[in-house]
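The exercises below concern a predicted model. Each one sets a task and then works through it step by step.

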Number of protein chains: 2
Amino acid sequence: MTAETHRIAIIGLGLIGGSLGLALKAARLRGVELVGYDRDSETRTKARRMGAIDREARDVGEAVSGASMVIVATPILAIREVLREAAPHLTEGSVVTDTGSTKAAVLGWARELLPSGVHFVGGHPMAGKETQGIDHAEADLFRERAYCLCPDPDADERAVRAVLGLVHAVGATPLFIDPEEHDQYVAAVSHLPLVLATALFTLVRGSTGWQEMAPLAASGFRDTTRLASGDPEMSHDICITNREALLHWLDRMIGELYRYRRLIAEGGAELFETFARAQLDRDAFLSRKVVGREQPQVELPDFKDALVSLFIGRAVSERMRKLTELPEKPAETGGRPSREDRTTRLARLFRERLERDLQRELDKDQGPAPPRG
Amino acid sequence: MTAETHRIAIIGLGLIGGSLGLALKAARLRGVELVGYDRDSETRTKARRMGAIDREARDVGEAVSGASMVIVATPILAIREVLREAAPHLTEGSVVTDTGSTKAAVLGWARELLPSGVHFVGGHPMAGKETQGIDHAEADLFRERAYCLCPDPDADERAVRAVLGLVHAVGATPLFIDPEEHDQYVAAVSHLPLVLATALFTLVRGSTGWQEMAPLAASGFRDTTRLASGDPEMSHDICITNREALLHWLDRMIGELYRYRRLIAEGGAELFETFARAQLDRDAFLSRKVVGREQPQVELPDFKDALVSLFIGRAVSERMRKLTELPEKPAETGGRPSREDRTTRLARLFRERLERDLQRELDKDQGPAPPRG
């Protein structure tokens, strides 16, 4: 690595890892080298030929050596092994992030396995397709999508800023969120739909009439069961690492189906009203531009700056102010809180937490804090 | 109506009725006039201006007067009222068809309400969108989709042939099916997904964390809940007219969710295998071209011929042979039965039933049949 080049390592070159590589290349960051590793050598070569990475590494250690940033984009349970293999090769001051669909478990592994002086910022881009693998990777996969960030409490704010730069570079909108909260929320909006779609498919597919039914299965069946075509390893890992939250939502779903059972058996006005209400609410949900802020091209060089700053000492407080300052433009979406409002609020909560943590560190240095109250 | 013009009436000019009109116009049938009625006068005018119909009628009676074919494309429960209103105005020998999502109830109403000499052929195009109304109508909605046909046992084969002509003209593939069987199958592949999608949406939307979750709800949530944006009247009517079959499938679905609950709680190899199996099976399902036969342009004039033949006596047996004769081209999809095979088989079953019915009629004319066995 020359003084002018900063290296980013991507471990796992499937749909997400490959798309991150393509998106970073599309952002035309100068002086950034992308090194990629995948346990499948064909995938590595394909990723390089597609331009998703600049160079193939032969193992995790080689990939992360000298890297300013390491992105782990493997199935969730494999993240633990990657962190273990990477640990002895990581550069002091570098930042490690991941793209796993659950966050509490991953943050626990990072805390357990990464050396001090290496910063971990959990990540979860809210993007995907039912098709997997490098063949389906695309540079625009993250554009205008939410990208959850769960920094380790010990992560340097410069490390957080570097991952924020990554999120901006790929066109996504960052969303700071507590890892436990994240796992509860995605259990409802992502993992429960996954289980429902798969259960619907296996139930109908496994019934004796399937050969007769299949020709009648139109777009409604196809869309509702789309998630059943997801990568089975990813689906399995999601269920295992977010089991408690998922079972909670599965139980609530079974309860909701019993409610619909009663509504259909009774068949009164309440059934119609339930459908009518759902239609209205879903239209409102769709019309709300969840992640709508255009990412101006001018923000992209920030990422390179951020990577550079990982290794340059600057006043933490000044950087923190810049990181979390309020946007000047007011929201324009009427009564409902806009995406900006929400990001601002989360940024504020994040800043407050960082400040509390900082204060706690300072208190510790100055002896025990006085008792509260 | 001149001797050269045949009139088709479309009652209900929403997504399906409007799209049928556009598809028929796109088929450029000469000497066919499309008359449309919708209880909403704005919709009527819009349909005419879009070219989905040639002429607006002021009521059901005016629309169906002198029509060779009447297509009822209203929500299911409204079909009964339309048949009642239409009955005194229908032409002897004309054919009535519908587009409702359940068929047993509709065939019962037709039998109860239509005068003898008017033929009923239930229909159900397996096409739709979550957006409703004439504004979303499109000529290609039915192209390469299955179109279920449930002829009334008393329907003249020329009437069946006329509706077959309609199906061909709009680019769909006909699928003869028993109405009870139809209702059982669509309960699984269409109505259960509708209830699941809506229940998932109302459960998550109604939870206290919704405002925090909504920004994380990505394409997986949107696709799995898509059917919750369906027309509430249509959804309600489906549940009411197909209640028994739907409740049966809802109970089975709840059972399947309990199975997944156990798999997730146990978290062994069986969970992974279930996801892996579902992915493989769904890929196989998708790769099977459910309705793939290109409808050659040359078949279109058949529709006009069929409309004409409704009012011309021809030898039933000769027509029946043509209607159900085997396609010459063998299937090309390897071991699995192709769409052609299936249509052929259903056509054969349909022919056998017609022949049985005919034989029974003949037996009746010749006195009681000898006891069997």
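**Exercise 1.** Identify the residue that is the bridge partner of G122(B) in β7(B), and then place this pair in its strands and its sheet.

*Solution.* The bridge partner of G122(B) in β7(B) is C150(B). The next step is to look at the strands themselves: β6, which covers residues 119–125 of chain B, pairs with β7(B) in the antiparallel sense, and five bridges make up this pairing. Helix α5 of chain B, residues 104–113, packs on the sheet, where it touches β5 (95–98), β6 and β7 of chain B, and its direction makes about 160° with that of β6(B). Widening the view, the sheet of chain B is open and consists of eight strands with mixed pairing, in the order β3-β2-β1-β4-β5-β6-β7-β8. Its edges are β3 (55–56) and β8 (173–176) of chain B, and because each has a single partner strand, one side of each is left without a neighbour in the sheet.

**Exercise 2.** Describe the sheet of chain A, and determine which strands of this sheet helix α6 of chain A lies across.

*Solution.* Begin with the overall content of chain A, which has 15 helices and eight strands. An open sheet of eight strands with mixed pairing follows the order β3-β2-β1-β4-β5-β6-β7-β8 in chain A, and its edge strands, β3 (55–56) and β8 (173–176) of chain A, each pair on one side only. Within this order, β6 (residues 119–125) and β7 (residues 146–151) of chain A run antiparallel and are joined by five bridges, and P125(A) stands opposite Y147(A) in β7(A). Helix α6 of chain A, residues 157–169, lies across β4 (69–72), β5 (95–98), β6, β7 and β8 of chain A, and runs at about 25° to β6(A).

**Exercise 3.** Work out which element of chain B gives the most residues to the side that touches chain A, and what classes of residue this side has.

*Solution.* The contact as a whole comes first: 80 residues of chain B are in contact with 80 residues of chain A. Elements giving two or more residues to this side of chain B include the strand β7 (146–151) and, among the helices, α7 (179–205), α11 (243–266), α12 (269–287) and α15 (339–365) of chain B. Helix α7(B) gives the most, with 19 residues. By class, the side of chain B that touches chain A has 49 nonpolar, 17 polar and 14 charged residues.

Note on methods:
Residues are numbered from 1 along each chain as its sequence is written. Chains are lettered from A and ligands numbered from 1 in the order in which they are written. This is a predicted model: local features need pLDDT of at least 70, side-chain atom pairs count only at pLDDT 80 or more; totals for chains, interfaces and linings use all residues. Two strands pair if DSSP finds at least two bridges between them. Helices (H or I, at least four residues) and strands (E, at least two) are DSSP runs, numbered from the N terminus. Two residues are in contact if their C-beta atoms, placed from the backbone, lie within 7 Å. Axes are lines fitted to C-alpha atoms, for helices over the stretch in contact, and angles run from 0 to 180 degrees between N-to-C directions. Ala, Val, Leu, Ile, Met, Phe, Trp, Tyr, Cys and Pro count as nonpolar, Asp, Glu, Lys and Arg as charged, and the others, Gly among them, as polar.
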